[in-house]
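Colleague: Could you walk me through this one and tell me what is behind each label you use?

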Amino acid sequence: MSAGSAGEPSPETFAVLSDLIGQFNKTGVALTPTTRFAEDLNFDSLVVMEFVAAVEDRFDISMPLNILPDIATIDDFGRALEKLLAEDGR
Amino acid sequence: MADLFARFAPLMAQRDQLFAEGRDPFSVQMTEVLSQTEAVIGNRRTILVGTNNYLGLTFAPEALAAAHEALDAGGTGTTGSRVANGTYAGHAELEATLRDFYGTKHAMVFSTGFLANLGVLSTLMGPDDFILMDADCHASIYDGVRASSAQIIRFKHNDAADLDKRLARLADKPGNKLIVIEGIYSMLGDIAPIKDFVAVKKKYENVYLLSDEAHSLGVLGKFGRGLPEQEGVEDDVDFIVGTFSKSVGTVGGFCVSNHPQFEILRLVCRAYVFTASLPPAVIAAANVNLGLVKKGGALRARLQRNAQQLHAGLSELGLKIASNASPVVAVVAPDPQVAVAFWRGLLDAGVYVNLALPPATPYGYSLLRASLCAAHTEEQIDEVIGIFRDVATSLGLIDAPRKRVAAR
C-alpha cells in the first residue's frame, strides 16, 4: 500500500475499505470512492464505531475518533487511514 | 435555505410516529411526590420504579433537617462560581467528608455529575495523550472526551482483552493513557470487570484509570464506595467520578483522587470555574447523606433483595432481561413501538419505569428500564410484577399468566 499523500487514496485502500464496509452495508448501494457513510450507507454513530474497530483490527493500527468529523466519503476515510499508516512508518 | 431545525427532521418524524397517541414518555409530570417510591402522575397514585434513588435517601429526616437549616442560614443560592465568588464553609466541609469517605487526599465538588465528567475528561489529558473509553460510556463521558485535546480510542464494552489489544498498539507512543470505565452501566445495569481492567492497566507504563461510579456509589461495597471497594482495587483506580443525584439523594457531582497535583484542576476545569456552585441546602443534604451511605449496609442489603425479587419475578414471566440482577433491571422490548405501548400500559396501570430507545441504548435495544429503591416494599414489587404480567400479556409478549404469579 502506498504511503499517504494529499492526493487520492490508492485503489488498494479503496478495495480493502470496500471489503470491510460490506458486512455493515445494509443498503446494497454500490460502493464508489465518493460514497458517503451517513447519507448513502445510512451508517449511524454505532455502525461507524464498529466499522472503525474493524479497520483498526485489519491494519493493527489505532484510529482515534477525533478524525471522524472530517470524514464523509470512503475516499476521505482512505486518506485519513493512509496518513495514519504513513505516520506509523508503513 | 433549509430550516434551522431541518437536520432533526428524521428524529422529529420518529417522535411524531411513536408518540402520536397517548402520553409522551419524555414529558411525564409528577404532580405530587408522595414518597421515595410513589408519586401522583395524571391523578393516579403511581409506584416509581425508575428514579435511580437507590437507597431512598431523598427524604432522610437528618438530611431534610440539615438542608432546612442551611437554606435559612445561607440562602437559596450562591449566585456564582467558587473561583469567582468564593467558597462557603459547607462546600469545604462536603469535600472533607468526601476525602474521608473515599480515603483520598483530594476531592472536588462539581455542580452536577455531568459537569464533573465534562470538566475532568475535557481537561485531564493533553494533545499527546490518549483516552481509552468503554464503548457504552455515558453521554457526559462522550461529551467530555470530545472536548479534550487528547486522542480518543474506544474499546469494546466490558472487554479487557480488547482494551489490552488497543493499549498494546499504543505502547511505543509517548504520552499518558487514561482508561475510562463505569462501575455499573446505567442502561442495562451491567457491571465492569474492573479487576481485569486493572490487570491490563498494570501491564503498561503511564496508564491511569478513571471509574465513573454514578450508579455504584452507595450500591456496591461494604461501605458503599462502589465497585473498586467491592473488588478490592481502590489503590489502582486513579480517579473516581461520581454524583450526588442517585444514592446520595440530591444533586451534584465530584471527583476524588490521590494524585498530588490534583488541586490544579480547580483552575483549569472550565465546567468548575465557570458554573455557579451548589446552593447551601443541597450541599448540606449531600454532606449528611454521604454519612448515611457509609453506614447504609442494611439499605444496601434491602436494595439487593428488592433487585433480586424484581429480576426473578420478571424473568419468570418470560420477559427478556438485559443483564443479571443489579439495581437496574432492564426489560428488552422487541422494537420501539412495542416499548412505547408497554411503557404506556405500565403507566396507565400505575407503574412508572424509564423508557429508553435507540440511539440512547446499547445494541439498539428498546428498553423498559426499572431501577430499584431500598424503600420499595415486597408488596410494591409484587404489584409491579403483576402489572408487568398483565401489560405484557395484553401485548402478546408472553403467554397466559403462570400459576405462581397469578395466585398472588
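Modeller: Let's begin with residues 1-5 of chain A, where pLDDT (the predictor's confidence in each residue, from 0 to 100) stays under 50. The model has 12 contacts for this stretch beyond four places in sequence, a contact being two residues whose C-beta atoms, placed from the backbone, lie within 7 Å. This is a predicted model, in which local features need pLDDT of at least 70 and side-chain atom pairs count only at pLDDT 80 or more, while totals for chains, interfaces and linings use all residues. Residues are numbered from 1 along each chain as its sequence is written, with chains lettered from A and ligands numbered from 1 in the order in which they are written.

Colleague: What does chain A average in pLDDT?

Modeller: The average is 88, and 93% of the residues of chain A score at least 70.

Colleague: Why is α2(B) called roughly antiparallel to α12(B)?

Modeller: Helix α2 (residues 61-74) and helix α12 (residues 280-294) of chain B pack at about 155°, with axes 7 Å apart. Angles under 35 degrees count as roughly parallel, over 145 as roughly antiparallel, 65 to 115 as roughly perpendicular and the rest as oblique. The angle of about 155° therefore makes α2(B) roughly antiparallel to α12(B). Among the residues making the contact are B:A63, B:A66 and B:A70 of α2(B) and B:I283, B:V288 and B:L292 of α12(B).

Colleague: What classes of residue make up that contact?

Modeller: There are 13 nonpolar, two polar and two charged residues. Ala, Val, Leu, Ile, Met, Phe, Trp, Tyr, Cys and Pro count as nonpolar, Asp, Glu, Lys and Arg as charged, and the others, Gly among them, as polar.

Colleague: And what makes α14(B) and α15(B) oblique?

Modeller: The axes of α14 (residues 336-348) and α15 (residues 378-394) of chain B come within 9 Å and cross at roughly 135°. That value falls among "the rest" of the angle classes, so α14(B) and α15(B) are oblique to each other. The contact is made by B:F342, B:G345 and B:L346 of α14(B) and B:I387, B:F388, B:V391 and B:S394 of α15(B). Here five residues are nonpolar, two polar and none charged.

Colleague: How do you know where the domains of chain B lie?

Modeller: The bounds come from an automatic or database domain assignment, which gives domain 1 (17-55 + 297-406) and domain 2 (60-294). Their centres, taken over C-alpha atoms, are 28 Å apart. Domain 1 gives 19 residues to the contact and domain 2 gives 18.

Key
Axes are lines fitted to C-alpha atoms, for helices over the stretch in contact, and angles run from 0 to 180 degrees between N-to-C directions. Helices (H or I, at least four residues) and strands (E, at least two) are DSSP runs, numbered from the N terminus.
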